[in-house]
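Subject: Handover of a structure and notes on what was found

Dear colleague,

Please find the structure below, together with its sequence. My notes follow it, and I would be grateful if you read them with the structure open.

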Amino acid sequence: MTYPTTESAATATTATATADSARASLEALRTEIGKAVVGQDSAVTGLVVALLCRGHVLLEGVPGVAKTLLVRALAASLELDTKRVQFTPDLMPSDVTGSLVYDARTAEFSFQNGPVFTNLLLADEINRTPPKTQSSLLEAMEERQVTVDGTPRALPEPFLVAATMNPVEYEGTYPLPEAQLDRFLLKLTVPLPSREDEIGVLTRHAAGFNPRDLHAAGVRPVAGRAELEAARQAVARTTVSSEIAGYVVDICRATRESPSLTLGVSPRGATALLATSRAWAWLTGRDYVTPDDVKALALPTLRHRVQLRPEAEMEGVTADSVITAILSHVPVPR
């Protein structure tokens, strides 16, 4: 039997301590966001999971449920650069990515960075802009770069797009194409608050809470690049057994065979589910993934990667109900 050396044991102990410190920082991040947003714990957790997985998030909910405030509170809790773009029908791709600007003093063109050159980009009401402008984010989200006039320009690291979308008001909106939806790691639904949570919201406002001044609300940066990178390295060390990998594949393959769907989950969706399950396992204090971790992240990771048949949609079937049914039928590894 080979025993670890004193040096390797000390390295392992240091790595564990660093991972524990990073986990504590991310737990504090969730608490900090809670100072501004009441009752949206699952959405907060989803944003943290996306940060760990280097993924992007689509937040869907009716107006007034704090979607924008949620992302602003996340930005205020992180020592990262953040920018916001309000997507409108007249927004141009160059308004997002940047453009070449002529400098009369030097008689040359120079590139002026657009708001996409940031760590956390809030794309507010992304479905209110035409597909041409929506597609300007595709390269940024997938390749982490922007190409203007044939020259690729790398985006900062970390880089996360948090986009909001209104599911109710369809007039003047443009549905996101499947290719772009697939670039989002998670689609989080932001529901109306419970009665108790809504009373909590009103109580805070009565006490003087101003959603436009998060600093006055006590929201402070509690994590930065170092903690985030340590957490990502710890997630990468989280063990995934062959049985769990097979379970993820079986779930995704079942969506491709569902009679209610015209489009099932692609292999990219399967890798996304594996990644989010690992992040959730690590956040809950384990260094291995269980079937419950996969089930917990299946809906937000897969709901936007499937497409319902028109007849199923007319019968009231939803993507969530199809995925839930699949989870109940796919054999769980022991």
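I begin with a single residue, phenylalanine 109, which touches Leu100, Val101 and Tyr102 when residues up to four places away in sequence are left aside. Please bear in mind that this is a predicted model. Phenylalanine 109 belongs to strand S4, which covers residues 108–113. Its relative accessible area is 57%, so phenylalanine 109 is classed as exposed, the cut-off being over 50%. Phenylalanine 109 and serine 99 are 10 residues apart along the chain, and their C-alpha atoms are separated by 9.6 Å.

The chain as a whole

The chain contains 14 helices and 11 strands. Its radius of gyration is 21 Å, close to the 20 Å that the globule rule gives for 334 residues, so the chain is as compact as a globular protein of that length. Along the principal axes, the C-alpha trace spans about 75 × 60 × 55 Å.

Of the 334 residues, 45% count as buried. The chain exposes about 16600 Å², and carbon and sulfur atoms supply 55% of that area. If one takes the contacts between residues at least 6 apart in sequence, 79% of them join residues at least 24 apart. As for charge, the chain has 32 positive and 39 negative charges, and the mean positions of these two sets are 2 Å apart.

An enclosed helix

How many of the 11 residues of helix H3 are buried? The number is 8, so helix H3 (residues 67–77) is largely enclosed by the rest of the structure. The buried residues of H3 include Leu69, Leu70, Val71 and Leu74. Lys67 and Ser77 are also among the buried residues of this helix, as are Ala73 and Ala75.

The cysteines

The structure holds 0 disulfides. Cysteine 53 takes part in none, and the nearest cysteine sulfur to its own, that of cysteine 252, is 15 Å away. Why is there no bond between the sulfur of cysteine 252 and that of cysteine 53? The two sulfur atoms are 15 Å apart, which is too far for a bond, since a disulfide requires the sulfur atoms to be within 2.5 Å. Cysteine 252 has 0% relative accessibility and therefore counts as buried, the limit being under 20%.

Backbone details in the loops

Three places in the backbone deserve your attention.

- Glutamate 157 and proline 158 are joined by a cis peptide bond, with omega at about 0 degrees. Proline 158 is found in the loop between strand S7 (151–154) and strand S8 (160–165).
- Arginine 54 is not a glycine, and its phi is positive, near 55 degrees. Arginine 54 lies in the loop between helix H2 (41–53) and strand S1 (57–60). With a relative accessible area of 36%, arginine 54 is partly exposed.
- Aspartate 149, which is not a glycine either, has a positive phi of about 55 degrees. Aspartate 149 is placed in the loop between strand S6 (145–148) and strand S7. Is aspartate 149 buried or exposed? At 65% relative accessibility, aspartate 149 counts as exposed.

You may wish to locate each of these residues in the structure as you read.

With kind regards

Methods. Residues numbered from 1 in each chain as written. Predicted model: local features only at pLDDT ≥ 70, side-chain atom pairs only at ≥ 80, totals over all residues. Heavy atoms only, no water. Helix = DSSP H or I, 4+ residues; strand = E, 2+ residues; numbered from the N terminus. Rg over C-alpha atoms; globule rule 2.2 N^0.38 Å. Buried < 20%, exposed > 50% of the residue type's maximum accessible area, 1.4 Å probe, protein only. Contact = heavy atoms within 4.5 Å. Areas by Shrake-Rupley, 256 points an atom, 1.4 Å probe, with all protein chains shown as cover. Lys, Arg positive; Asp, Glu negative; His and termini not counted. Charge placed at Lys NZ, Arg CZ, Asp CG, Glu CD.
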